[in-house]
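Visitor: I am new here and would love a tour. Could you show me what we will be talking about?

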Amino acid sequence: MVAQAPSGKKPLPDMMTSIRIDKSGQVEIVDQLLLPHSVVWIPISTPEEAFEAIKSMKIRGAPAIASLAALSLKSSLSSTSLTDNFSSTADAVKWVKEKCDYLQSSRPTAVNLSEAMNRIRQYLNTTSTEKDTKESVIDKVREICQDVHEEDLERNMRMGKLGADWLFAKRGGKKDKLKVVTVCNTGSLATSGYGTAIGVITALYEHDQLDTAYYAQTTPYHQGSRLTSLELTTLQIPSCMICDTMLGSLFQHEDIDGVIVGADRVVKNGDTANKIGTYQAAVLAQRHNIPFMVIAPVTTIDLSLETGKEIHIEQRPSIEATQVRGLNTGTGKLSVVRITPEGVGEGDKPWQRVYNPSFDVTPAELISCVVTEKGVAERKDDEKSIDVSSIC
Ligand code: MRU
């Protein structure tokens, strides 16, 4: 797939996406645990295979996991060896509902996955055993699944331009090129293409408005140093990696124009769950009077929760923080190495504990604006929340 902007000035090189579908309809994902050193495509044909890939983070990023879950359902429902065995419409509906519940349980914080599964459930709730055949139900579910995957790319391009215009209007007065910071990975590997926060950075670059995109390594999974670095170097966007501990120093020494992040869940008052480390970036940005932007599609907005306190934060296994995966430059082989004393994160002693939440919640009072494909919701200076319902 190619990350091309509709009216960009600069052409972009082809960018790898996390999901590809061949002519026969076979869905494959690139194993993100092995990137950037090795590109291995894994076939995904069933919800069980998608569940394992999402849970183990072979694929990650809120929109990408929703796409894969939906495509795995579509793929199973394209197999007559499964659908011939459905005895009735009710049987087909039951099967799909069970798989939706199962897929949704793979990762709890990113709401895009639940939103995609809810769309399918909502349709299933309108079906009736008298008027719908099992074939028509299967066809409609397959269509919804395909839509979940396809609608992502176009909306990302819209958000990219909206976000870039907002920031340039705010900061561009005295400068013609901006310096921005991002965390985690929010580009083609986390979405169906172009990205959310990276989409804004790409749009700035395409319109010659970008000086440098700084990106944090984002330990412990290293979405920044492994994945964002791969995306930005492939796109040849001027960029500079920093360690997570260097944000404060960067803000003290460089004239940074904006911090731009994606989101896993934005709730009614604008509080935002995103990759661990986002909150500290927002606190530091406020101290340095730097605009802090959240870029997320409407499917990431969860109006059912009032504040960020209600968001379920996923805890990841300790081992993901005590070990790092990388290329052994001596042997040229991929290896996993432990960086802690033996037993840390694995033993049961009080001194062997590891704290490893996957996400944190940034209160809306630290966020300058939330951007969706429908528009930009700005926080007023004297307010502590953002009315995101206006951009849903
Ligand atoms: O744990 P991950 O890698 O799935 O977390 C990803 C993020 O936090 C992203 O910022 C978010 O999903 C938005 S991606 C467009």
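Visitor: Which residue does UniProt list for "active site"?

Guide: Welcome! This comes from an unreviewed UniProt entry, and UniProt positions are given in the numbering used here, with feature names shortened and annotations that may be inferred rather than shown by experiment. Residues are numbered from 1 along each chain as its sequence is written. This is a predicted model, where local features need pLDDT of at least 70 and side-chain atom pairs count only at pLDDT 80 or more, while totals for chains, interfaces and linings use all residues. The residue listed for "active site" is Asp 264.

Visitor: Is Asp 264 buried or exposed?

Guide: A residue is buried if 20 or more other C-beta atoms lie within 10 Å of its own, exposed if 12 or fewer, and partly exposed in between, with C-beta atoms placed from the backbone. Asp 264 has 30 other C-beta atoms within 10 Å, so Asp 264 is buried.

Visitor: Where does Asp 264 lie?

Guide: Helices (H or I, at least four residues) and strands (E, at least two) are DSSP runs, numbered from the N terminus. Asp 264 touches Ala 62, Thr 109 and Phe 359, among others, not counting residues up to four places away in sequence; such a contact has C-beta atoms, placed from the backbone, within 7 Å. Its place is the loop between β7 (258–261) and β8 (265–267).

Visitor: Which residues come nearest to the ligand?

Guide: A residue is near a molecule or strand if its C-beta atom, placed from the backbone, lies within 6 Å of it. There are 17 residues around the ligand, and the ones that come nearest are Arg 60, Ala 62, Ala 190, Gly 262 and Lys 275.

Visitor: Which elements give two or more residues to the shell around the ligand?

Guide: The residues of this shell divide into 6 nonpolar, 8 polar and 3 charged. Here Ala, Val, Leu, Ile, Met, Phe, Trp, Tyr, Cys and Pro count as nonpolar, Asp, Glu, Lys and Arg as charged, and the others, Gly among them, as polar. The elements that give two or more residues are α2 (62–77) and β9 (272–275).

Visitor: Which residues touch the most other members of the largest nonpolar core?

Guide: A nonpolar core is a set of buried Ala, Val, Leu, Ile, Met, Phe, Trp, Tyr and Cys residues joined through C-beta atoms within 7 Å. Leaving aside neighbours within four places in sequence, Val 370 is in contact with residues including Val 266, Val 294 and Ile 386. In the largest core, of 62 residues, those touching the most other members are Ile 201 and Val 370.

Visitor: Which helix gives the largest share of this core?

Guide: Look for a helix that is mostly covered: in α7, 10 of its 10 residues are buried. Its buried residues pack against α6 (134–171), β4, β5, α8, β7 and β10 (292–295). The largest share of the core, 7 residues, comes from helix α7 (residues 197–206).

Visitor: Is Asp 208, which follows α7, buried or exposed?

Guide: Asp 208 sits in the loop between α7 and β5, and it has a positive phi of about 60° although it is not a glycine. Most residues other than glycine have a negative phi, and most peptide bonds are trans. With 10 other C-beta atoms within 10 Å, Asp 208 is exposed.

Visitor: What about Tyr 194: is Tyr 194 buried or exposed?

Guide: Tyr 194 also has a positive phi, near 70°, and is found in the loop between β4 (178–182) and α7. Because Tyr 194 has 29 other C-beta atoms within 10 Å, Tyr 194 is buried.

Visitor: Which residue is the bridge partner of Ile 29 in β3?

Guide: Two strands pair if DSSP finds at least two bridges between them. β2 and β3 pair in the antiparallel sense over 4 bridges. The partner of Ile 29 in β3 is Ile 42.

Visitor: Which residue does a cis peptide bond join to Leu 35?

Guide: The bond has an omega of about 5°. The partner of Leu 35 is found in the loop between β2 and β3, and that partner is Pro 36.

Methods: Two residues are in contact if their C-beta atoms, placed from the backbone, lie within 7 Å.
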